[in-house]
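Here's a friendly tour of a protein model for anyone meeting it for the first time. Have a look at the structure, then read on.

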Amino acid sequence: MTEPSGIQCILSQSIDQSLVEKLIPGFAIRIGPPTESRSFVLLDCHDQSLRNSGRVLLEVGETLWLFRNGRAPLSQRCKGQGRFVQDLPQGPVTAALKGFPKLRALMQIGTGEIQTKPLAVLDELEKTLVRGTAWCLSSQKGQAAIVQLQRLRGYEKEFQKVNTAISALSGGGPGVEALCAGLFPGMAAYRAKPEIKLGEAEPSIQVAADIIQTYQKVARQNEYGVIADIDTEFLHDYRVSLRKVRSVISLFKGVFSDTQTVQLKRVFSDLMAATGRMRDLDVYLLEKDKYFSLVPPSLHAGLQEMFDLFEKERAKELSRLSRRLRSDEYNARMSDLTAMFNGTDSLTPGSNAKRAAHEYACALIWKRYRTVCKIARGVTDETRDETVHDLRIDCKKLRYLMEIFGPLFDEKSFKTIIKPLKKLQDNLGVFNDCAVQQKSLTAFVAQHSDTRGRVDARMGLAIGGLIAVLDQRQKAERSRVIASFQKFDGPDTRRLFRTLFHRKKE
């Protein structure tokens with residue numbers, strides 16, 4: 001495959017010679033014989049970041065090809081499937097993929113066959129005005145084409161006419177959407193935060209059922225990636241989805257009966273609990289370089305011993321969790337839960353079940369906001385860690401409520417108050433991570449001590465040094481929490497919360 005210059009168009013169908021000629025009267029298009037058909041793999045990450053940014057990444061043999069609508073393609077000799085972008089060798093494709101999510105691996109989104117065909121556009125005197133190449137792609141479900149056009153000196157107007165005509169053939173939307181529509185019709189992009197349509201007067205129990213069913217589906221979309229161990233974000237998204245379900249059950253007080261609420265809390269807590277240790281180990285391993293940077297080189301050998309043990313434990317946890325996710329018992333439970341929230345017939349309503357969504361949202365968000373403010377305004381350098389942890393949980397619950405009910409409120413106002421809340425959450429998250437990691441590392445030392453309470457000297461020294469550094473970082477982050485809340489608690493934010501969620505005078 002050669003690499004021409006010029007402008008490219010991505011089409012949701014194979015290039016139709018007669019149709020192009022109709023769009024450019026007076027010109028003829030000649031398409032040459034194709035090259036030998038080769039297999040391709042369409043690469044992206046699970047949340048399809050490339051697709052969302054209008055890019056197409058193909059792996060053809062030992063070469064990566066990156067296509068962007070309206071720009072020349074890029075190629076690089078290497079394989080990408082199963083790899084992280086930052087681990088690819090340096091080259092034009094790697095450079096152009098800057099900004100791709102670091103925690104997401106390139107994975108197979110679709111497969112097919114590809115051929116290239118030379119093309120030329122001629123006038124009535126058989127003079128070549130435009131040259132190009134057509135990449136013709138096919139899958140089991142459809143076809144698509146990527147057309148690369150070359151400008152020839154002196155024929156700029158003719159080039160523009162041809163480019164406009166071929167671009168008009170893209171019936172599946174611009175760029176990569178055209179390719180997906182042609183090759184893989186019906187392939188929906190994964191959304192970790194899918195849009196859920198809500199009506200202001202919709203009964204709260206129906207809102208709860210819709211949200212729970214939606215996020216159950218998101219969780220299930222991540223199961224295969226957890227089992228295949230493609231990247232750690234599959235488990236992260238799985239857990240976040242179930243956490244949102246659990247939050248709805250917990251925060252939507254009075255929507256379900258007390259008995260059903262207790263039962264559902266237990267079910268989803270059990271689902272979450274099975275993934276906890278795996279996620280803890282993922283976080284440690286993802287932060288490995290940071291941990292090494294926190295202690296002097298003289299302690300690195302001991303730290304490496306700890307991470308070697310983490311790697312072994314993670315392999316066991318992955319095997320255990322994969323067996324669970326593949327088990328008949330797990331799949332039967334998830335199927336039963338899906339059926340339960342498909343409508344409201346299987347749900348036992350509580351006292352707030354029929355309450356209108358908008359009214360109920362205002363009451364829930366306002367109450368949680370007041371709780372956050374009450375706790376945060378009392379935080380000082382001497383406040384107990386447990387209180388700061390409670391603040392983090394309440395901020396998370398407030399954020400979930402606002403994300404859930406966001407479609408019912410003014411989008412611009414929501415963005416204004418979400419931004420400082422996110423910053424506060426970030427600081428609380430770092431504070432909590434430092435606290436949790438200190439406790440976890442202390443427990444790790446105890447777990448790997450002998451009957452006399454002694455641990456390997458190198459590892460003990462390294463972990464002790466790391467705990468000391470984390471303690472200092474935690475103290476510094478507490479001050480940032482206080483500063484972030486002061487920004488969140490500004491007069492403009494207070495006024496917006498009151499306007500949106502509390503119409504009564506206190």
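A residue counts as buried when its relative accessible area is under 20%. Keep that cut-off in mind, and keep in mind too that this is a predicted model.

Let's start with strand E5, residues 63–68. Six of its six residues are buried, so E5 is largely enclosed by the rest of the structure. In a regular strand, side chains alternate between the two faces of the sheet. Both faces of E5 are covered: Thr 63, Trp 65 and Phe 67 are buried on one side, and Leu 64, Leu 66 and Arg 68 are buried on the other.

What about the strands paired with E5? Here are E4 and E6 set out together.

| Strand paired with E5 | Bridges and direction | A facing pair |
|---|---|---|
| E4 (residues 55–60) | six, antiparallel | Leu 57 and Leu 66 |
| E6 (residues 74–77) | four, antiparallel | Arg 77 and Thr 63 |

The turns are worth a glance as well. E4 and E5 make a hairpin with two residues between them, and Gly 61 in that turn has a positive phi of about 65°. The hairpin of E5 and E6 has five residues between the strands, with Gly 70 at a positive phi near 85°.

Now for the nonpolar cores. The largest has 74 residues, and Phe 252, Phe 256, Phe 405, Phe 497 and Phe 501 touch the most other members. Helix H14 (residues 357–376) supplies the largest share of this core, eleven residues. Apart from that core lies another, of 22 residues, including Ile 24, Leu 119, Phe 159 and Ala 165.

Key
Residues numbered from 1 in each chain as written. Predicted model: local features only at pLDDT ≥ 70, side-chain atom pairs only at ≥ 80, totals over all residues. Heavy atoms only, no water. Buried < 20%, exposed > 50% of the residue type's maximum accessible area, 1.4 Å probe, protein only. Pairing = 2+ DSSP bridges. Core = buried A, V, L, I, M, F, W, Y, C linked by side-chain atoms within 4.5 Å.
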